[in-house]
Amino acid sequence: MKKTEANQLNHHVLLSQEDISKRVIELGVSITEYYKDETVTVLALTNGALIFAADIIRQIKCPVRLDTFAIASYNNRKSSGKLNLRSKPKLNVSGQHILVLDDILDTGLTLHSVKAWLQEKNAASINICVLLDKQVPQRKAEISANWSGFKIPDVFVYGYGLDRDEFDRNLPFIAHIAD
């Protein structure tokens, strides 16, 4: 499929830009109340969580340190079952309160592995916030999010940071591929 063809497809909007903006503000308030005046080290899982992270950290009203963790388990729109670690955080996480931001919780493999890595590095606390909690029949790894923006059905989604073959991350809404 050519780039121009991909951009001409009809998007089946699952979550509008307004829905996302409203929920991101609510999550920011809740996270701020939880951490109060503590410094929180936010780890955005890249590339998918970058847009979510940029929006939500502006809503968190306590001291924030920001870093990224480049890790993925997806290949060709499906979980490969294997993790590809591209880069670790640069900030020291030992003794820090960590908030992991991810775009979507589906198989649980990525977040489970990130949490285990942070535990090995002696993080003071580890919490997880995901924009989307996909309602899959059974997760491959036991993990849950402390905060989630939306529960969604088990469909392939893209937009607002999530890609469709590396395209459409820049869409301001979240769409799904209709069967």
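**Close-up views of a predicted model**

**View 1. The whole chain, before zooming in.** Of the 179 residues in this protein chain, 45% count as buried. Keep in mind that this is a predicted model. Its secondary structure adds up to four helices and nine strands, and along the sequence they run α-β-α-β-α-β-β-β-α-β-β-β-β. Take the contacts with a separation of 6 or more: 68% of them are between residues 24 or more positions apart. The chain exposes about 9500 Å², with carbon and sulfur atoms supplying 48% of that.

**View 2. How far to trust the picture, and the stretch at residues 1-8.** The mean pLDDT of the protein chain is 89, and 87% of its residues reach 70 or more. Over residues 1-8, though, the pLDDT is below 50, and this stretch has five contacts in the model beyond near neighbours in sequence. Where pLDDT is low, don't read the predicted coordinates in detail.

**View 3. Tyrosine 34 meets tyrosine 35.** Searching the whole structure turns up four aromatic pairs. One of them joins tyrosine 34 and tyrosine 35 edge-to-face, at 4.9 Å centre to centre with 85° between the planes. Tyrosine 34 counts as partly exposed because its relative accessibility is 48%, which falls between the 20% and 50% cut-offs. Tyrosine 35 has just 4% relative accessibility, so it counts as buried, the cut-off being under 20%. Ring pairs also bring in Trp147, making a cluster of Tyr34, Tyr35 and Trp147.

**View 4. Phenylalanine 69 against tryptophan 117.** Here is another edge-to-face aromatic pair: the rings of phenylalanine 69 and tryptophan 117 are 5.0 Å apart centre to centre, with 80° between the planes. The pair ties together distant parts of the chain, as phenylalanine 69 belongs to strand S3 (residues 64-75) and tryptophan 117 to helix H4 (residues 109-120), 48 residues apart. Both phenylalanine 69 and tryptophan 117 are buried.

**View 5. A charge over a ring, at arginine 164 and tyrosine 158.** The charged end of arginine 164 sits over the ring of tyrosine 158, and the distance to the ring centre is 4.1 Å.

**View 6. The open sheet S1-S9-S8.** Three strands make up this open sheet, in the order S1-S9-S8 and with antiparallel pairing. Strand S1 (12-15) and strand S8 (157-158) are the edge strands, each pairing on one side only. Between S1 and strand S9 (residues 174-176), the antiparallel pairing runs over three bridges. If you want a spot to look at, try histidine 12, whose bridge partner in S9 is histidine 176.

Key:
Residues numbered from 1 in each chain as written. Predicted model: local features only at pLDDT ≥ 70, side-chain atom pairs only at ≥ 80, totals over all residues. Heavy atoms only, no water. Phe/Tyr/Trp six-rings, centres within 6.5 Å; stacked < 30°, edge-to-face > 60°. Buried < 20%, exposed > 50% of the residue type's maximum accessible area, 1.4 Å probe, protein only. Helix = DSSP H or I, 4+ residues; strand = E, 2+ residues; numbered from the N terminus. Lys NZ or Arg CZ within 6 Å of the ring centre and 35° of its normal. Pairing = 2+ DSSP bridges. pLDDT = per-residue confidence, 0-100. Contact = heavy atoms within 4.5 Å. Areas by Shrake-Rupley, 256 points an atom, 1.4 Å probe, with all protein chains shown as cover.
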